[in-house]
Amino acid sequence: WNPAGLGSVEGPELAATYNDSLEGVVHQYLSVAYPLRYGSTLGFNVTRLGVAPFQGYDAQGVKSGQVEASDIAVGGAYGRVLMKDEIERPVLNVGAGLKVISEKLHNVSANTAALDLGAVYYIRPANYWMRTVPAQEFRVAMAVKNLGPGLKFDRISSPLPLSATLGGSWHSHPGGSSSLILSLDQTYSNDDKYYAALGAEYVAFQLLS
């Protein structure tokens, strides 16, 4: 989502998703983050989207056999803390990710590479801001995704879904052992209209999110 976030990962992490959806569409995702040291983390990820074989037709509308379609992206990323505060907490993170994308439609395929860039800036208010809500923190972040040439199956190249997201979040611990995050993102992309997204997460007693 934002390779700069890797810089704040404190221990090895693994995430995986398998989604067998409607109409034979299957989505798979695997992600690994491994800190080399505090403030310096490598990431690896694989994303695959496939669909079950479906009936194909030629230009005259005659059945031409079964057609398969799938795409896969394999990537690596690196996130690093560039600036820290007096107790070694991150202040400014930057990150970059490179991925190789391959798409297949029946017996033809297209390949390309894409670059993701990101940054996260942490703002920690002065003590008088935190009398009622301890340890609050603001974060401002930006991510630019899918910088690269398009996918070319034949003679026409289709551009990648280039997007730029700017957002912010507020982190607090209202109950001591609980935490609350509020976030707001806005995204500009070349294949969709501008949109904003509001989110919230509450973690109770470090047990239930």
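1. Let's start in the middle of the chain. Strand β6, residues 108-123, lines up with strand β7, residues 137-147, and the two pair in the antiparallel sense over 8 bridges. If you want one contact to look for, take Ile123: its bridge partner in β7 is Phe138. Keep in mind as you click around that this is a predicted model.

2. Now step across to the next neighbour. β7 also pairs with strand β10, which covers residues 163-172, again in the antiparallel sense and this time over 9 bridges. Here the residue to pick is Glu137, whose bridge partner in β10 is His171. A reminder from the textbook: strands of a sheet pair through backbone hydrogen bonds, and they can do this in parallel or antiparallel fashion.

3. How do the strands of the sheet follow one another? There are 10 strands in an open sheet, running β1-β2-β3-β4-β5-β6-β7-β10-β11-β12, with antiparallel pairing. At the edges sit β1 (13-20) and β12 (195-203), each of which pairs on one side only. From one strand to the next, the twist averages 15 degrees.

4. Zoom out to the whole protein chain and count elements. You'll find 0 helices and 12 strands. Reading along the sequence therefore gives you β-β-β-β-β-β-β-β-β-β-β-β, where strands are DSSP runs numbered from the N terminus.

5. What about overall dimensions? The C-alpha trace of the protein chain spans about 75 × 35 × 30 Å along its principal axes. Its radius of gyration is 21 Å, while a compact globule of 209 residues would have one near 17 Å. As for burial, 27% of the 209 residues count as buried.

6. Back to the sheet, at another pair of strands. β2 and β3 are antiparallel partners over 12 bridges. One bridge to find on screen involves His27, which is matched with Leu49 in β3.

7. Which residues make the nonpolar surface patch? Leu14, Leu30, Val32, Phe44, Ile72 and Val74 do, and the patch comes to about 480 Å². Two strands, β2 (25-37) and β4 (63-84), each supply at least two of its residues.

8. Last, have a look at Phe44 from that patch. Phe44 lies in strand β3, residues 40-57. Why does Phe44 count as partly exposed? Because its relative accessibility is 39%, and partly exposed covers what falls between under 20% (buried) and over 50% (exposed).

Key
Residues are numbered from 1 along each chain as its sequence is written. This is a predicted model: local features need pLDDT of at least 70, side-chain atom pairs count only at pLDDT 80 or more; totals for chains, interfaces and linings use all residues. Side-chain values use heavy atoms; hydrogens and water are left out. Patches are made of residues with over 30% relative accessible area and no salt bridge: like charges are joined within 9 Å, nonpolar side chains (Val, Leu, Ile, Met, Phe, Trp, Tyr) within 5 Å. Accessible areas come from the Shrake-Rupley method with a 1.4 Å probe; for residues, only the protein chains shown count as cover. A salt bridge is a side-chain nitrogen of Lys or Arg within 4 Å of a carboxyl oxygen of Asp or Glu. Helices (H or I, at least four residues) and strands (E, at least two) are DSSP runs, numbered from the N terminus. Buried means under 20% relative accessible area, exposed over 50%, partly exposed in between (1.4 Å probe, protein chains only). Two strands pair if DSSP finds at least two bridges between them. Axes are lines fitted to C-alpha atoms, for helices over the stretch in contact, and angles run from 0 to 180 degrees between N-to-C directions. The radius of gyration is taken over C-alpha atoms; the globule rule is 2.2 Å times the number of residues to the power 0.38.
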